[in-house]
Amino acid sequence: MSGQPVDAPAPVALAEETALTPAGQWWQSAVIYEVYPRSFADGDGDGVGDLAGLIARLPYIAALGVDGIWMTPFQPSPQVDQGYDVSDYCGVDPLFGTMEQFDALLEQAHGLGLRILLDVVPNHCSSEHPLFQAALAAGPRSPERDMFHFVPAADPATDVPPNNWQSVFGGRAWSRANPESGTDTDWYLHLFSPAQPDWNWRNPAVGDYFDGVLRFWFDKGVDGLRIDVAHALFKAEGLPDSPSTGGVVDGLRSNPQVSDQEEVHEVYRRWRTLAGKYQPQRLLVGEVNLEPARAARYTRADEMQQAFAFAFVKLGWDPAAWAAVGNDLETARRLHGGPPTWALENHDIVRSATRFGGGELGSLRARAALVALLGLPGPAYIYQGQELGLPEVDVPVEARVDPMWARGGVCRDGARVPLPWTEDPALNHGFSLASPAPVPTAKPWLPLPSGWGKHAIERQQQDPDSALALATRAMALRRRLWADGTFTADDGGTWRVEDGNLLICERNAGFLVAVAMGSEPVKLPAGVVLFSAFPLEQDGRLQPDNAVWLRREGP
């Protein structure tokens, strides 16, 4: 089914629930695997990943030992921002497949014990969305335009926008609705590209519309939603100037007029109530790029269950910074009750192997960091390819497609290069599953770098010492530690840095995570090492760029 949201029938339980782990609050212990469909697996040979490719590769994801999948947008879109410019919230873009294929994906994922989370983009839509097109056609001061932020020019004779707000992608956050018109002087707001107009959440009709979007996907059996730019839906009354013009990437955080307005919390209370009407209860995960004390307010008991720990996701290899952020997150957890949602990579962030130093050093550190991540208290998200230790790719300038690159000089394409499935370069290193004979397999939508096959899944599956093997073993042990009560939902995390730059996160009285971030081997606290990224020194010391899970002994 496609089109706009419709009234939902009474909610029903998932028919496949018996194939999944017990419902309850399953997300408290979950590891979720982020799939960027464009780059995961190409089922039809056109060079773009799709639902058919994802269905074919579901057993690989299940074998990792994760609990679910977060899928970035696959809904109809002009693809200006690779799907984050949505023109139909309740459909499937033909680029990725059909709604029937999505239904099959959902059924097969549940049969493998995998829950499915989708992206919802409530801050903005595509300029091709029917409601925005209707607003353009209706003209100034119309009810249609009140669904968005249209503001008449103060002086039609000048090119001065309504305020000084800057786009996250670079340049001003305003464009003329009809620049050729002498009578339509309205500007419209777009915190991202001009092709992504912002919804006006002060209009109750917008909230009603998105209630229908949530019901549509929840009624299908989708297990939860990741909410894009969750903190920026409401803009300050009157749209006043920002005290800072900010810059690319930092645009939202530097502009208090577009971020963290108090009214936004009512949206998530309303959505949490809606999610709670389904059995099992649906999960809400927020992209809330704020400091820990502010972000944690979005996970109060009646709001979202999770919000990404953005202060953590961008960290470098610095023990003092890890400890400071970790303790800030723990303070926020104790104040508001929601545990941090840990991640070190996503489709917008430079790959950790590159961020932590690049080359062999960065690869070692990325493995240690993933082991540490999976031992921390609370849910964890990993991004496709992180389990392989993939580095950031320097995509040739002429091949870059990220609108942030075109408008602001920052490029996220390097983390979005298609996965290498086979060492052999045929069929785009196995990214394309078949060639649609007699048409040759198309080149991938982003070019694969030379030597990409050395990271291939097929190769790593045969190597017990590979990054993939390490990640799989870590997730298996994590699951056992949750099952035997070593890990609990009530665990906190107190952080410190000991001599030799040994980073410690003490999860509870009996368990800690330790990461050696110095330049010399260091002595560990007394206890039994349960898991390590690499074998320890013969004398039991932890060598640089290694991480362990340790069960404490004694008082």
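This note walks through the predicted model point by point, from the whole chain down to single residues.

1. **Make-up of the chain.** Start with the overall count. The chain holds 15 helices and 16 strands. Its radius of gyration is 24 Å, close to the 24 Å that the globule rule gives for 555 residues, so the chain is as compact as a globular protein of that length. The C-alpha trace spans about 80 × 60 × 50 Å along its principal axes.

2. **Inside and outside.** How much of the chain is buried? Of the 555 residues, 59% count as buried. The exposed surface of the chain is about 20,400 Å². Carbon and sulfur atoms supply 54% of that surface.

3. **Contacts and charges.** Take the contacts in the chain with a separation of 6 or more. Residues 24 or more positions apart account for 69% of them. Now the charges. The chain has 45 positive and 70 negative ones. Their mean positions are 4 Å apart.

4. **The nonpolar cores.** In soluble globular proteins, nonpolar side chains tend to be buried together. Here, the largest nonpolar core has 142 residues. Which of its residues touch the most other members? They are Phe102 and Phe312. A second, separate core has 16 residues. Trp174, Phe192, Leu252 and Met404 are among them.

5. **Phe312 and its contacts.** Look at Phe312 in the structure, setting aside residues up to four places away in sequence. Phe312 touches three tryptophans: Trp322, Trp342 and Trp495. Its leucine contacts are Leu329, Leu344, Leu373 and Leu376. Val325 and Ala343 complete the list.

6. **A cis peptide bond.** Most residues other than glycine have a negative phi, and most peptide bonds are trans. The bond joining Gln279 and Pro280 is cis, with omega about -5°. Where does Pro280 lie? Pro280 is in the loop between α6 (264–275) and β8 (283–286).

7. **Val229, positive phi in a loop.** Val229 has phi near 45°, a positive value in a residue other than glycine. Val229 sits in the loop between β7 (224–227) and α6. Is Val229 buried or exposed? With a relative accessible area of 4%, Val229 is buried.

8. **Leu427, positive phi in a helix.** Phi of Leu427 is also positive, near 55°. Leu427 belongs to helix α13, residues 426–429. Its relative accessibility is 35%, so Leu427 counts as partly exposed, a class that runs between 20% and 50%.

9. **Gln386 in a loop.** Gln386 is placed in the loop between β11 (380–383) and α12 (403–408). Its relative accessible area is 7%, so Gln386 is buried; the cut-off is under 20%. Gln386 and Glu345 are 41 residues apart along the chain, yet 7.3 Å separates their C-alpha atoms. Beyond neighbours within four places in sequence, Gln386 is in contact with Leu344, Glu345, Arg351, Leu370, Leu373 and Tyr381.

10. **Leu390 in that loop.** Leu390 is also found between β11 and α12. Leu390 is buried, with a relative accessible area of 0%. What does Leu390 touch, not counting residues up to four places away in sequence? The list is Arg351, Ala353, Gly385, Leu419, Pro420, Trp452 and His455. One of these, Ala353, is 37 residues from Leu390 along the chain. The C-alpha atoms of Leu390 and Ala353 are separated by 6.8 Å. Arg351 appears in the contact lists of both Gln386 and Leu390.

11. **Glu330 in a helix.** Glu330 is part of helix α9, residues 319–336. Glu330 is charged negative by the counting used here, and this residue is buried, with a relative accessible area of 6%. Leaving out residues up to four places away in sequence, Glu330 touches Gly492 and Gly493. Thr494 lies 164 residues from Glu330 along the chain, with 7.0 Å between the C-alpha atoms.

12. **Leu131 in a helix.** Leu131 lies in helix α4, residues 130–138. At 30% relative accessibility, Leu131 counts as partly exposed. Leu131 touches Met147, Phe148, Trp199 and Tyr209, again without residues up to four places away in sequence. Trp271 is 140 residues from Leu131 in sequence and 22 Å from it in space, C-alpha to C-alpha.

Notes. Residues are numbered from 1 along each chain as its sequence is written. Side-chain values use heavy atoms; hydrogens and water are left out. Helices (H or I, at least four residues) and strands (E, at least two) are DSSP runs, numbered from the N terminus. The radius of gyration is taken over C-alpha atoms; the globule rule is 2.2 Å times the number of residues to the power 0.38. Buried means under 20% relative accessible area, exposed over 50%, partly exposed in between (1.4 Å probe, protein chains only). Contact means heavy atoms within 4.5 Å. Accessible areas come from the Shrake-Rupley method with a 1.4 Å probe; for residues, only the protein chains shown count as cover. The place of a charge is taken as NZ of Lys, CZ of Arg, CG of Asp or CD of Glu. A nonpolar core is a set of buried Ala, Val, Leu, Ile, Met, Phe, Trp, Tyr and Cys residues joined through side-chain atoms within 4.5 Å.
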